[in-house]
Amino acid sequence: MQLIRIAALFTLFALSLASCANTQIKSNDTTCQSCAASPKFDQTCPLITSPCSRAKISEVNKVLDNLFATGKPIVLYVHGRGNEPKKTWEEGIAKTLEKDYGIKVMMFNWDSKAPLLNPLYRPVNKAYEAAPFLQEVIEKLARYRESHPDSKAIPVSLLVHSMGHIAFRKAVDGISLTTTDGPLFTNILMTGSDEDAEGHNVWIDKLLASGTILITINEADSTLSHSHHPDGKTPLGINPKPPLADHSYYLDATGLVGKTHRLFTKGKQHGRVGICHVLTAMLRGEKPNLMVGQDIRQVKHDRVLVPIE
């Protein structure tokens, strides 16, 4: 009887170990679901590629291998507020970007969804929580560029939109955005920024790009006009209050694109050729023509430019 009891206990112990082993294997074998399979935000899989495939940050090199293999310019896209990645999946945002500009996009996904009963809520704390993960992506991208010399022939630019600027600002605090060969990004395009306009020059002047840093402005932006900042501060994307950033340009689309917020897609540019030309160059890692003439109608003041109609 005693031997039977010992055998039974040994069997239970062995089963418990097997259970632990199976659990561990299951954990290691987890893969990211596509947005079609599960459109909800998943913190473990924040990298999105068109049409809406997901990957972990630890898989970024594999993602970059696939993007660079196309030979097309690459854009790291940090989205704004919304039910992401469902929004990108249903509206085809990444796919549209790639089609519009002949580029490849890697989107950084953060928990940007506002509560159902409070759609105007600004998930600032969620943006702050996402910053370390975005920082990790940027640092891994820099290491990839250094370890893959052939990739340097292909430009990598950065697109930050709306509340994505809050995560981005915190993410770049303390890092240089450089590699041993110079700036990591060719161009940095900042559209519909929901960061504070006041004092924006302090942190934006710390950014580095081998090409151009450009901030879009639309005083009639319907999304930013409902963005309530503490102490009544103004969103940067509505009014870039002085002092301006010394090494950046501002593209003022006010009066040309209605109440548009998502200016980076061609369908939202109201057919304005100047805007289209400038943003195309920015996202393709090329040098935009920011002199008065072909694409720019006038310089309002300092580096605030008005595009042709």
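In which loop, between which strands, does Gly-237 lie? Gly-237 belongs to the loop between strand S9 (213-217) and strand S10 (249-252); helices (H or I, at least four residues) and strands (E, at least two) are DSSP runs, numbered from the N terminus.

The model is predicted: local features need pLDDT of at least 70, side-chain atom pairs count only at pLDDT 80 or more, and totals for chains, interfaces and linings use all residues. Residues are numbered from 1 along each chain as its sequence is written, and side-chain values use heavy atoms, with hydrogens and water left out.

The sheet provides the frame for this loop. Its 10 strands form an open sheet with mixed pairing, in the order S2-S1-S4-S3-S5-S8-S9-S10-S12-S11; two strands pair if DSSP finds at least two bridges between them. Strand S2 (53-55) and strand S11 (296-301) stand at the edges, and because each has a single partner strand, one side of each is left without a neighbour in the sheet. On average, neighbouring strands are turned by 25° against each other, direction ignored. Axes here are lines fitted to C-alpha atoms, for helices over the stretch in contact, and angles run from 0 to 180 degrees between N-to-C directions.

Within the sheet, strand S5 (residues 156-161) pairs with strand S8 (residues 188-191) in the parallel sense over 4 bridges. His-161 has Thr-191 as its bridge partner in S8. Helix H4 (residues 93-101) packs on the sheet and touches strand S3 (74-78), strand S4 (104-108) and S5, its direction making about 150° with that of S4.

Returning to the loop, Gly-237 is buried, with a relative accessible area of 1%; buried means under 20% relative accessible area, exposed over 50%, and partly exposed in between (1.4 Å probe, protein chains only). Leaving aside neighbours within four places in sequence, Gly-237 is in contact (heavy atoms within 4.5 Å) with Gly-192, Ser-193, Thr-216, Ile-217, Asn-218 and Leu-224. Ser-193 is 44 residues away from Gly-237 along the chain, yet their C-alpha atoms are separated by 4.4 Å.

Ser-227 lies in the loop between S9 and S10 as well, and this serine is buried, with a relative accessible area of 12%. Its side chain is joined to that of Asp-194 by a polar contact of 2.6 Å; such a contact is a pair of N or O atoms within 3.5 Å, where within protein one must be able to donate a hydrogen and the other to accept it, and residues adjacent in sequence count only if both atoms are side-chain atoms.
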